[in-house]
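Q: Please take a close look at the charged side chains of this protein and at the way they pair. I would like the account to follow each pairing into its surroundings.

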Amino acid sequence: LTTHLIGQYPDFYRAAATRNPVVNVAAMASISDIPDWCFFEAGHDFSHGSTPTPQMLTQMLQFSPISHVKKVKTPTLILVGEKDLRVP
C-alpha cells in the first residue's frame, strides 16, 4: 500500500518506509511462490501451470505501483528480506 500511495500522492508524504513491498505484480507472477495472488490481483482466473498472456502481464503492470514510479518524490526506505519468496 505504501508504494501505491507515494506514487499516486507524490506531494503528500515527507518520507516513507515499506517492508517487502509488492512493486511489480507482473514480475511477481513468474518468480513468486504465490502466482495465484498476482492473477487474482489483476482480475484473472488462475490454475496451476497457467502462463500469463502478454495482455495479462500488461494489465498486471498497470495495477502495480511501479507504473507510478516517475511521479514519486518521497524519500523511501525499502526493506526486503534476502530469503523472502513471496515478494522477491
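A: Taken as a whole, the charges comprise 7 positive and 7 negative ones, and the mean positions of these two sets are 12 Å apart. What follows concerns a predicted model, and among its charged side chains the count of salt bridges comes to 2.

One of these salt bridges joins Lys73 to Asp11, with the closest N and O atoms 2.8 Å apart. The pair links distant parts of the chain, since Lys73 sits in the loop between α4 (54–62) and β2 (76–79), while Asp11 sits in the loop between α1 (2–8) and β1 (16–19), with their positions 62 residues apart in the sequence. Both partners lie above the 50% cut-off for being called exposed: Lys73 counts as exposed because its relative accessibility is 57%, and Asp11 counts as exposed because its relative accessible area is 64%. This is therefore a bridge between two exposed side chains.

The position of Asp11 can also be set against another residue, His44, which is 33 residues from Asp11 in sequence and 33 Å from it in space, C-alpha to C-alpha. For scale, the C-alpha atoms of the protein fill a box of roughly 45 × 30 × 15 Å along the principal axes.

The other salt bridge is formed by the side chains of Arg86 and Asp33, at 2.9 Å from N to O. Arg86 belongs to the segment after β2 and Asp33 to the loop between α2 (25–31) and α3 (35–41), so this pair ties together parts that are 53 residues apart in sequence. For the term partly exposed, the relative accessible area has to fall between the 20% and 50% cut-offs. Arg86 is described as partly exposed because its relative accessible area is 44%, and Asp33 is likewise partly exposed because the corresponding value is 38%.

The surroundings of Asp33 agree with this pairing: once the neighbours within four places in sequence are left aside, Asp33 is in contact with Leu85 and Arg86. From Asp33 one can also look towards Leu61, which is 28 residues away in sequence and 18 Å away in space, C-alpha to C-alpha.

Leu61 leads from the charged side chains to a nonpolar part of the surface. Leu61 lies in helix α4, and it counts as partly exposed because its relative accessibility is 37%. Together with Ile66, Val69 and Val72, Leu61 forms a nonpolar patch on the surface, and these residues have about 270 Å² of accessible area together. Over the protein as a whole, about 6,100 Å² is exposed, and carbon and sulfur atoms supply 57% of that area.

The loops and helices named so far belong to a protein with 4 helices and 2 strands, whose pattern along the sequence reads α-β-α-α-α-β. Among contacts between residues at least 6 apart in sequence, 62% join residues at least 24 apart. Both salt bridges can be read beside that figure, the Lys73 and Asp11 pair being 62 residues apart and the Arg86 and Asp33 pair being on parts 53 residues apart.

Some other positions help to complete the picture around these elements. In the loop between β1 and α2 is Asn20, which has a positive phi of about 50 degrees although it is not a glycine; Asn20 counts as partly exposed because its relative accessibility is 25%. Helix α2 holds Met28, a residue that is buried because its relative accessible area is 4%. The C-alpha atoms of Met28 and Ala15, residues that are 13 apart along the chain, are separated by 26 Å. Met28 can be set beside the overall figure for burial, in which 30% of the 88 residues of the protein count as buried.

Further along, Ser47 is found in the loop between α3 and α4, and Ser47 is partly exposed because its relative accessible area is 43%. Ser47 and Pro35 are 12 residues apart in sequence and 9.6 Å apart in space, C-alpha to C-alpha.

To return to the charges, the count of 2 salt bridges covers the contact of Lys73 with Asp11 at 2.8 Å and that of Arg86 with Asp33 at 2.9 Å.

Methods. Residues numbered from 1 in each chain as written. Predicted model: local features only at pLDDT ≥ 70, side-chain atom pairs only at ≥ 80, totals over all residues. Heavy atoms only, no water. Buried < 20%, exposed > 50% of the residue type's maximum accessible area, 1.4 Å probe, protein only. Contact = heavy atoms within 4.5 Å. Areas by Shrake-Rupley, 256 points an atom, 1.4 Å probe, with all protein chains shown as cover. Lys, Arg positive; Asp, Glu negative; His and termini not counted. Charge placed at Lys NZ, Arg CZ, Asp CG, Glu CD. Salt bridge = Lys/Arg side-chain N within 4 Å of Asp/Glu carboxyl O. Patch = residues over 30% accessible without salt bridge, like charges linked within 9 Å, V, L, I, M, F, W, Y side chains within 5 Å.
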